[in-house]
Amino acid sequence: LGQPSLSKNLSRGSTQCPKTLTAEAVAPSLPHGLGSLPYSLATAEISAAMAVLALQLAGLALSLLGCLGAILACALPMWKMTAFIGSNIIVAQVFWEGLWMNCVYESTGQMQCKIYDSLLDLPSDLQAARALVVVSIAMAVLALLIAIAGAECTRCVEDRSTKAKISAVAGAVFILAGLALLVPVSWSASTIISNFYNPLVPAALKRELGVAMYVGWAASALLVFGGSTLCCLFPQNKAKEPHPVRYCVAKRSNPESYARKDYV
């Protein structure tokens, strides 16, 4: 006696849903597992941003080293070196040939260099190497500027999706720059090797691969790897807002407000 009828109380329709609440709005009143949902989403977003920043910095570092290597390979006169073959062991002079000049290094430590007088007098592989190496350096510098504009640590662009697209474009340009550098280096190396094993070429005119060739190969690989790293930064979909969760707010009535007929 004196107890309200629970069945009638529940059948009175106290399960109204007057409004839609989000998880953030009711986080303080939710259990511990659900109340920490916004914090977990923020933590995941921060972790993703840090991973993207680390990937961008790695790609920029590799590409920057490749750009410096391309400039060094272009400036060094050691694309071809004198090949000391046969029984002659006198190495009083060493001849170096590069893209822009040839040098003579003597055993006394003195070195004399002379810039090529005529461009048309150069071999075809050397002319093409000049043009392609310059184009490769220009493309690498342009890609570096584009990559800096799309980096996460700069504020040139605010939208993260646009930044990812800019980084991908910079990576593609870096890859093209690496391929443009790989072609002249490999072409010159093929010419040097074919002339070295050609019996019709005199021994005094045979050349070996110089240090600049290896620097060019290394720079080309760094540019390709750095560009590929930046191309991995595909535009990510914007984080979707959490779906609204509907909570039914039940009315709480005082026991004193029950009608007398609810007592049995």
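**Strand hairpins and nonpolar cores**

In the hairpin of β4 and β5, where four residues lie between the strands, Gly109 adopts a positive phi near 100°. Strands here are DSSP runs of E with at least two residues, helices are runs of H or I with at least four, and both are numbered from the N terminus; two strands pair if DSSP finds at least two bridges between them. The model is predicted, with local features needing pLDDT of at least 70 and side-chain atom pairs counting only at pLDDT 80 or more, while totals for chains, interfaces and linings use all residues. Residues are numbered from 1 along each chain as its sequence is written, and side-chain values use heavy atoms, leaving out hydrogens and water.

**Strand pairing**

- β4 (residues 101-106) and β5 (residues 111-115) run antiparallel and are joined by five bridges, with Cys103 standing opposite Cys113 in β5.
- β3 and β4 also run antiparallel through five bridges, forming a hairpin with three residues between them, in which Val94 stands opposite Tyr105 of β4.

**Nonpolar cores**

- The largest nonpolar core (buried Ala, Val, Leu, Ile, Met, Phe, Trp, Tyr and Cys residues joined through side-chain atoms within 4.5 Å; buried means under 20% relative accessible area with a 1.4 Å probe, protein chains only) has 22 residues, and Trp79, Leu99, Val133, Leu181 and Met213 have the most contacts inside it.
- Two or more residues of this core come from each of α3 (37-75), β3 (93-97), α4 (124-149), α5 (160-196) and α6 (211-231).
- Another core, of 14 residues, lies apart from it and includes Ala143, Ala170, Phe174 and Leu223.

**Surroundings of Leu99**

- Leaving aside residues up to four places away in sequence, Leu99 touches (heavy atoms within 4.5 Å) Cys74, Trp79, Tyr116, Leu126, Ala129, Arg130 and Val133.

Terms used:
Buried < 20%, exposed > 50% of the residue type's maximum accessible area, 1.4 Å probe, protein only.
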